[in-house]
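Reader: Please take a close look at the aromatic rings in this model and at what can be said of their surroundings. I would like each term to come with its cut-offs.

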Amino acid sequence: MMTNPRYQAEVRATVGVVGPPDLVPLVQQVAARDFPQLELRPLPYQNESQAAEIVADRPPDVDSWLFTGAIPYTLAQQAGVLDRPATYITYSGATLYRVLVELLSAGRAVDTISIDTLDRDQVVEAFRDAALPVEGVRVMEYRPGRDAAQFADFHRAAARGAERSVAITCVRSVYEQIRGDLETVRLAPAIVSVRSALQTIMLASAGRVHADAQVVLGFIDLSEPDQELADDITALAGSLFTLQEGRYLLVTTRGVLEGATGGFQRLPLLGALSQRHMWAHVGCGVGRSAAEAEALARRALARCRAAGPFAAVVSLGNGGDIMLGGVDPAEAGDDEPVPVGVAARRSGLSKANLDRLKAMLYERGADGVTASDVAEALDIEPRSARRTLKRLERAGVAQPIGRVMAGTTGRPPTIYRVRLG
């Protein structure tokens, strides 16, 4: 794990940690190892319903609040007692994946399972990663207003008529209610989720974000591990965590990301990554909590994968998803041709096709080409040709310079200048 030393030097804050007695020490352990600048006040409860009362009777030196789950956070928020920065720890699909592996290793059946709190997309991803069928899985996502009693009823209903059913819960009080009746497993948050929440609350306590401000979590997926990535993200003034080989977690704030991308227009980081990797995806989520930002970051990452080998997306929730460019044509040099090998690496297109495209450009000697020209040169459908030009545009190899206005019906074709050398 790598953290920004500037924050370690500047931030001194007292954080009230609200959660069940077995999870609060987990947060303390992670903070003691990775965030020594934070002083934690352990404030355990026996039931989530006590969360609002704990906050209302807070110690006077608490600067911010960290809840170990969405339910106590929401209860305190609805009670109107949150008057300073607060966030909660999200439960990720990675946590569920670990539990599934443990169940299988113990010889326990996982073909009929009920799961609460997690997003269904996270659950499906975890089951697919474990090569398990999802047909027998029942999920009740967390929504404001849903309480422990509703989750317990959901698990009981899912177990009726199902043999060898397993209930998986993220809520301690739900576990206490149903463990005598059902085979029950209680999830604990993954360490990376605890780190993300601590990083968020550290930034909030430093005054960089406030209770209603927006934080950014970003997933960076690369074709292979990258030792230079930590240096590349210095412009984002955040922290970088290694999740697994080739996958990283970025934590920063909206203001920093917006400034570094020129108002969500271009991510220079993507251009740098395209020089070193066969593919690179950067999906960022902007939210008011770490949990919301993580969910949006996963959505953004899915959009990246659908967009091509090199893509960056910022998801703003109801504000939509913004596709960021990675290579500034002005920085790349408008008159400098891009070597075919570099263009292939940036765009993910085959070198053979780019060689054919380069030959066509040389023979024509024209200032610009359309999708129709590319389709003819590569013997592909016009739709595929348009996608090819878009991929070259995102890679900084092609640039739209106008439209064919004469002799056309419908939307005029776009003319691209393609720089291949």
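Author: What follows goes from the aromatic rings to a charge over a ring and then to a pocket.

This is a predicted model, in which local features need pLDDT of at least 70 and side-chain atom pairs count only at pLDDT 80 or more, while totals for chains, interfaces and linings use all residues. Residues are numbered from 1 along each chain as its sequence is written, and side-chain values use heavy atoms, with hydrogens and water left out.

Two aromatic pairs are present in the structure, where rings of Phe, Tyr and Trp (its six-membered ring) pair if their centres lie within 6.5 Å, and planes under 30 degrees apart count as stacked, over 60 as edge-to-face and the rest as tilted. Phe-67 and Tyr-73 make an edge-to-face pair, 5.8 Å from centre to centre with 80° between the planes. Tyr-73 also pairs with Tyr-88, and this pair is tilted, with 4.9 Å between the centres and 45° between the planes. The tilted pair links distant parts of the chain, 15 residues apart, since Tyr-73 belongs to helix α4 (residues 70–78) and Tyr-88 to strand β4 (residues 86–88); helices (H or I, at least four residues) and strands (E, at least two) are DSSP runs, numbered from the N terminus. Phe-67, Tyr-73 and Tyr-88 thus form one aromatic cluster.

As to accessibility, buried means under 20% relative accessible area, exposed over 50% and partly exposed in between (1.4 Å probe, protein chains only). Phe-67 counts as buried because its relative accessibility is 0%; Tyr-73, at 10%, is buried, and Tyr-88 counts as buried at 15%.

Elsewhere, Arg-247 lies over the face of Phe-219, at 5.8 Å from the ring centre, a contact that requires NZ of Lys or CZ of Arg within 6 Å of the ring centre and within 35 degrees of the ring normal. Arg-247 is also among the residues closest to the centre of the second largest pocket, together with Ser-92, Ala-94, Leu-243 and Arg-298, out of 21 that line this pocket. Here a pocket is an open set of points on a 1 Å grid, where a 1.4 Å probe fits, with protein on both sides within 12 Å along at least five of seven lines, and lining residues have an atom within 4 Å of a point. Among the elements that give two or more residues to the lining are β9 (215–222) and β11 (247–253), while α6 gives the most, with four residues.
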